[in-house]
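Please read the following walk through one protein chain with the coordinates open beside you. It moves from the overall make-up to individual side chains.

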Amino acid sequence: MIQRTLLLMRKLKIMKKIITLVYTCLLMAAQITAQRVVTLHSSNGVSAFSSVNPFVDAYNAASNGDTIYLPGGVVNPPSNFSKRLYIYGAGMHPDSTQATFPSVINGGINFNHADANHTHIEGVQILGAFSITSNLQMTGLTVKRCYIAGGITISGSGSTNLSSNFGFVESVILGDANIFFLTNSTFSNCLFTGRITNSKGNNFENNISLYQGIGTLSSAYVFFSCDNNNIKNNIFINTLNSRAFSGSGNIISNNLFCATSPNFSGADIVINNYLGVPQQDIFVNQQGNSFSFSHDYHLQDPSLYLGTD
């Protein structure tokens, strides 16, 4: 009798665990389903989209000046952007999106029409590249607190009528940033893992560059063919002295370099930089030249390296 009772109690415990597991799975499924609802805020009110491609449907229904809110989870993007929109995700960092999951755009973001001027994108992971159709003149784009896995491409064939007044803020940019067709724009508080190439007349402030130049090719430079830029208060992990800058007319001030003697050109203005700082002495928890969400990029002792801000 006692054995039967114990056996029954064990079966009840197992059933309870199974019921709890099923309930948890159903709850998670419900949360995931809810998270895939994209909302569009327009002058006509609020519309919700929960189809197979809710972001695409919300975009198609949007007009210039509308706002789109992306949920946590993965959504496919429109093939091109030709409208001025305000796009907000739940966030790009796993630590700050534990309740919702990060908002992930499964592909790249490409702008193909100037009607999209002054678009604002914030709080999303972009698994592809951020790009502008070649030779397209645009202005006022803002990318804030985003993760861009495929680099940045803003290209063209001319030297006038360039895109301008872009702002990349507090973002992680993997891969190269080829910005030949961009001027009078700012990159601030961003983290780069690739090169900056062909930048003309832009502003780089308070960024981290993890890129380590290698070899003897032009592709090894951290800043390659970059002229007349303002480069200040940045941290450069690159340790190769001959692979720092290629260009002229840049103002390079109050930056921190792991390299002991970076190759500044005679046409650059170089002011108050910190040279030869060991990488292990800079951040609270960081190693190597790859980005990781698990790293801590705060300075160990900010009082040791004084910028101009």
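The paragraphs below describe a predicted model, going from the whole chain to its sheet, a helix and selected side chains.

The protein has two helices and 31 strands, and 43% of its 309 residues are buried. If one takes the contacts between residues at least 6 apart in sequence, 40% of them join residues that are at least 24 apart.

A sheet is a useful place to begin. Twelve strands form an open sheet with mixed pairing, and their order across it is 2-1-3-5-8-11-15-19-22-25-27-29. The edges are taken by strand 2 (45-49) and strand 29 (269-271), and because each has a single partner strand, one side of each is left without a neighbour in the sheet. On average, and with direction ignored, neighbouring strands of this sheet are turned by 10 degrees against each other.

Two of the pairings can be followed in detail. Strand 1 and strand 2 run antiparallel and are joined by five bridges; one residue that can be traced here is T39, whose bridge partner in strand 2 is A48. The connection between strand 1 and strand 2 is a hairpin that passes through two residues. Strand 22 (residues 203-205) and strand 25 (residues 230-232), by contrast, run parallel and are joined by three bridges, with E205 finding its bridge partner in K232 of strand 25. Helix 2 (residues 54-61) packs on the sheet, where it touches strand 1 (38-42), strand 2, strand 3 (67-69) and strand 5 (86-88), and its direction makes about 10 degrees with that of strand 1.

Which residues of helix 2 are buried? They are P54, F55, V56, A58 and Y59, and what covers the buried residues of this helix includes strand 1, strand 2, strand 3, strand 4, strand 5 and strand 6 (103-105). Y59 also takes part in an interaction with a charge, since the charged end of K83 sits over the ring of Y59 at 4.6 Å from its centre.

Aromatic side chains offer another way through the model, which holds 23 aromatic pairs. In one of them, F81 and F111 are tilted, with 5.6 Å from centre to centre and 40 degrees between the planes. This pair links distant parts of the chain, as F81 lies in the loop between strand 4 (73-75) and strand 5 while F111 lies in strand 7 (residues 109-111), 30 residues apart. Both F81 and F111 are buried. A further pair, F291 with Y297, is stacked, with 5.9 Å from centre to centre and 10 degrees between the planes. F291 counts as buried because its relative accessibility is 18%, and Y297 counts as buried at a relative accessibility of 18%, the cut-off being under 20%.

The last stop is Q125, which lies in strand 9 (residues 125-126). Is Q125 buried or exposed? With a relative accessibility of 10%, Q125 counts as buried. The side chain of Q125 reaches the backbone oxygen of M92 at 2.8 Å. Once the neighbours of Q125 within four places in sequence are left aside, the residues in contact with Q125 are M92, P102, S103, V104, I105, Y147 and F293.

Note on methods: Residues numbered from 1 in each chain as written. Predicted model: local features only at pLDDT ≥ 70, side-chain atom pairs only at ≥ 80, totals over all residues. Heavy atoms only, no water. Helix = DSSP H or I, 4+ residues; strand = E, 2+ residues; numbered from the N terminus. Buried < 20%, exposed > 50% of the residue type's maximum accessible area, 1.4 Å probe, protein only. Polar contact = N/O pair within 3.5 Å; in protein donor to acceptor, adjacent residues only side chain to side chain. Contact = heavy atoms within 4.5 Å. Pairing = 2+ DSSP bridges. Axes fitted to C-alpha atoms, helices over the stretch in contact; angles between N-to-C directions. Phe/Tyr/Trp six-rings, centres within 6.5 Å; stacked < 30°, edge-to-face > 60°. Lys NZ or Arg CZ within 6 Å of the ring centre and 35° of its normal.
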